[in-house]
Amino acid sequence: MAKSDERNNRKTYTGVVISDSGDKSIVIRVDARKQHPLYGKMITTSTKLHVHDENNEAGVGDTVTVMATRPLSKMKRWRLIDIIEKAK
């Protein structure tokens, strides 16, 4: 297996930027819907991910795709891959 194949096998998520206040850093919210184990009701849960944005491209409200990477700082374990939709 080549190294490029291993890199493309990493986790990716799509989420909305909720903060871009840091230099080269953004925070995104990833929503997931799952069923409650006992009552069966659908629940929306959200997770915040700290993402490395090398060129400060993303802004608040943008929809982005991120990929897992090595630890870049205390909180950042993800890097920006693509901006799907810019905020209006």
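**View 1. Ile26 and the residues it touches.** Leaving aside residues up to four places away in sequence, Ile26 touches Val17, Ser19, Asp20, Leu49, His50, Val51, Asp53, Ala58 and Leu80; a contact here means heavy atoms within 4.5 Å. This is a predicted model, where local features need pLDDT of at least 70 and side-chain atom pairs count only at pLDDT 80 or more, while totals for chains, interfaces and linings use all residues. Residues are numbered from 1 along each chain as its sequence is written, and side-chain values use heavy atoms, with hydrogens and water left out.

**View 2. The largest nonpolar core.** Ile26 also sits in this 11-residue set, alongside Val17, Ile28, Val30, Leu49, Val51, Ala58, Val64, Val66, Trp78 and Leu80. Strands E2 (25-35), E3 (42-52), E4 (63-68) and E5 (78-85) each give two or more residues to the core, and E2 gives the most, with three. To count as such a core, buried Ala, Val, Leu, Ile, Met, Phe, Trp, Tyr and Cys residues must be joined through side-chain atoms within 4.5 Å; buried means under 20% relative accessible area (1.4 Å probe, protein chains only).

**View 3. The chain around that core.** You'll find one helix and five strands, running α-β-β-β-β-β along the sequence. These are DSSP runs, with helices (H or I) of at least four residues and strands (E) of at least two, numbered from the N terminus. Of the chain's 88 residues, 25% are buried. Among contacts with a separation of 6 or more, 49% come from residues 24 or more positions apart. The C-alpha trace spans about 45 × 40 × 25 Å along its principal axes.

Key:
Buried < 20%, exposed > 50% of the residue type's maximum accessible area, 1.4 Å probe, protein only.
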